[in-house]
Amino acid sequence: MFCRNCGEQMNDNAQFCVKCGVARGAGNQFCANCGKPVNPNQAVCLNCGCQLNGSASRNGGGAANGGIGGKSKVTAGLLGIFLGCFGVHNFYLGYTTKAIIQVCVSGIAILLSCCTVGLSLIATLGIGIWGLVEGILILTGKISTDGKGNPLV
């Protein structure tokens, strides 16, 4: 990620540019994706093709990630409610470790269903409830950022 005011490379977690002191996402002189100079009226960066912040706000997007629209809260919530036992909502939001745990536990529960009904039913039900609760938390705004800290839109 690059500062949109001075073009210097920034840490992805930084809230301010250490060179010019401008807040993350502020400015319109440089592309946040590649750091090349841009015209403030451009819709996309001519170097890398990244959508720029000014055009994202006109199109209803514009997250804190350099102008690219953020992840949808409704999509993430519905994925959590309907496919939460497989961790699909966590893959969507970028929480891959948690998603892999959900996929593994669900897979093991499905494999165990051939041998034991009770244990696999408890594991599947538990993971399903976990996904349902996370889906509801996303929709109510208790989980409001994706895996990179960008706000859900």
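Here are three short exercises on a predicted model, each with a worked solution.

Local features need pLDDT of at least 70 and side-chain atom pairs count only at pLDDT 80 or more, while totals for chains, interfaces and linings use all residues. Residues are numbered from 1 along each chain as its sequence is written, and side-chain values use heavy atoms, with hydrogens and water left out.

**Exercise 1: cysteines**

Find how many disulfides the structure holds, and explain the result for Cys-17 and Cys-50.

Solution. Start with the rule: a disulfide is a pair of cysteine sulfur atoms within 2.5 Å. Next, take Cys-17: its closest cysteine sulfur is in Cys-6, 3.6 Å away, which is too far for a bond. Then take Cys-50, where the closest cysteine sulfur, in Cys-31, lies at 4.7 Å, again too far for a bond. The count is therefore zero disulfides. As an extra step, check burial (buried is under 20% relative accessible area, exposed over 50%, partly exposed in between, with a 1.4 Å probe and protein chains only). Cys-17 is buried at 4%, and Cys-50 is buried at 9%.

**Exercise 2: salt bridges**

List the salt bridges and say which parts of the chain each one ties together.

Solution. The criterion is a side-chain nitrogen of Lys or Arg within 4 Å of a carboxyl oxygen of Asp or Glu. By this rule there are two salt bridges.

- Lys-19 pairs with Glu-8 at 3.7 Å, N to O. Both residues lie in the segment before α1 (53–58), so the bridge ties together parts that are eleven residues apart in sequence. Lys-19 is exposed at 55% relative accessible area, whereas Glu-8 is partly exposed at 37%.
- Lys-98 pairs with Glu-134 at 3.0 Å, N to O. Lys-98 belongs to helix α4 (residues 96–112) and Glu-134 to helix α5 (residues 117–140), so this bridge ties together parts 36 residues apart in sequence. Lys-98 is partly exposed at 27%, but Glu-134 is buried at 7%.

Helices here are DSSP runs (H or I, at least four residues), numbered from the N terminus.

**Exercise 3: a nonpolar patch**

Work out which helix gives the most to the nonpolar surface patch, and place Phe-86.

Solution. Patch residues have over 30% relative accessible area and no salt bridge, and nonpolar side chains (Val, Leu, Ile, Met, Phe, Trp, Tyr) are joined within 5 Å. The patch has about 890 Å² of accessible area together, with Val-74, Phe-86 and Leu-139 among its members; areas come from the Shrake-Rupley method with a 1.4 Å probe. Now sort by helix: α2 (73–83) and α4 each supply at least two residues, and α2 gives the most, with four. Finally, Phe-86 sits in the loop between α2 and α3 (88–93) and is partly exposed at 37%.

Notes. Patches are made of residues with over 30% relative accessible area and no salt bridge: like charges are joined within 9 Å, nonpolar side chains (Val, Leu, Ile, Met, Phe, Trp, Tyr) within 5 Å.
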